[in-house]
Amino acid sequence: ATTNTHFYFPYNLARDSVSNTLYIADTYNHRVMRYFAGAAAGDRVAGDTTPGIGATQLYMPMGICYDAASNSLIIANYQVNNVVRWVIGASVWTLVAGSPIGTPGFSSILLHQPTDIAFDSFGNLYVVDLNNNRVQLFLAGQLNGTTIAGMSTGSGSTQLLSPYALLLDKDLNLYVADTGNHRVQKFNR
């Protein structure tokens, strides 16, 4: 359903802690919805509900973060192999990481189906790169990433298999939901 009260595979959410506004990645509706505190219906703030690679479109948004400093959402645009910034109120996104035209890849600048994202206190971006079985670190403002977890595919202590989610603790230790290996991996800073 594409109404403002129904979701189709909501995958992730983010919250503006000041206004208590909730943002929900409505993945199969190819949009991000916004819900103000106590509201029964939301409004679309990102994506035009048709999947695609255009700057007005999202294609299976999964991971999202709210950036209060820029009043924007950072979105893991799963099927387009990129991470984008969508300023609240804007009609288009800008590229943060990955391909601007949806090209998948394994290089330091390309992603293959990102599923989750997080920022540290320095503005660095961490991206779960599902089909490359790794976590990429993009230093603030950089399009060239470094693999910091999942050095190769497998079940060893430095390996990941179909990772889906991540979390940073206060000491910047990284926790990864290593889904294909049925475990959570901790990578020390």
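Modeller: Two strands pair if DSSP finds at least two bridges between them. Strands (E, at least two residues) are DSSP runs, numbered from the N terminus. The model is predicted: local features need pLDDT of at least 70, side-chain atom pairs count only at pLDDT 80 or more, and totals for chains, interfaces and linings use all residues. Residues are numbered from 1 along each chain as its sequence is written, and side-chain values use heavy atoms, with hydrogens and water left out.

Colleague: Which residue in β15 is the bridge partner of tyrosine 175?

Modeller: Tyrosine 175 falls within strand β14, residues 174-178. Five bridges join β14 to β15, and the two run antiparallel. In β15, the partner of tyrosine 175 is lysine 186.

Colleague: Which are the edge strands of the sheet that holds β14?

Modeller: The sheet is open, has three strands and pairs antiparallel. Its order is β13-β14-β15. An edge strand pairs on one side only, and that applies to β13 (163-168) and β15 (183-187).

Colleague: Now the other sheet. In what order do the strands of the open four-stranded sheet run?

Modeller: Pairing in this sheet is antiparallel. The edge strands, each pairing on one side only, are β5 and β8 (94-98). The order is β5-β6-β7-β8.

Colleague: How many residues of strand β5 are buried?

Modeller: Take buried as under 20% relative accessible area, exposed as over 50%, and partly exposed as in between (1.4 Å probe, protein chains only). Strand β5 spans residues 61-67. The strand is largely enclosed by the rest of the structure, because the buried residues number six of the seven.

Colleague: Which residue in the turn between β5 and β6 has a positive phi?

Modeller: β5 pairs with β6 (residues 72-77) in the antiparallel sense over five bridges. The two form a hairpin with four residues between them. A positive phi of about 50° belongs to asparagine 71.

Colleague: Which residue in β7 is the bridge partner of isoleucine 74?

Modeller: Isoleucine 74 sits in β6 and bridges cysteine 65. β6 is also joined to strand β7 (residues 82-87), by six bridges, and runs antiparallel to it. The partner of isoleucine 74 in β7 is arginine 85.

Colleague: On to aromatics. How many aromatic pairs does a search of the whole structure find?

Modeller: Rings of Phe, Tyr and Trp (its six-membered ring) pair if their centres lie within 6.5 Å; planes under 30 degrees apart count as stacked, over 60 as edge-to-face and the rest as tilted. With that test, the number of pairs in the whole structure is five.

Colleague: How far apart in sequence are the parts tied together by phenylalanine 7 and tyrosine 35?

Modeller: The ring centres of phenylalanine 7 and tyrosine 35 are 5.8 Å apart with planes at 55°, so this pair is tilted. Phenylalanine 7 is partly exposed at 31% relative accessible area, whereas tyrosine 35 is buried at 10%. Phenylalanine 7 lies in the segment before β1 (10-16) and tyrosine 35 in strand β3 (residues 31-35), so the separation is 28 residues.

Colleague: What kind of pair do tyrosine 8 and tyrosine 28 form?

Modeller: Tyrosine 8 lies in the segment before β1 and tyrosine 28 in the loop between β2 (21-26) and β3, so the pair ties together parts 20 residues apart in sequence. Tyrosine 8 is partly exposed at 45%, and tyrosine 28 is partly exposed at 34%. The ring centres of tyrosine 8 and tyrosine 28 lie 5.1 Å apart and the planes stand at 80°, so the pair is edge-to-face.

Colleague: Which residues form one aromatic cluster with Tyr8 and Tyr28?

Modeller: Tyr8 and Tyr28 both belong to one cluster. The other members are Phe9 and Tyr11.
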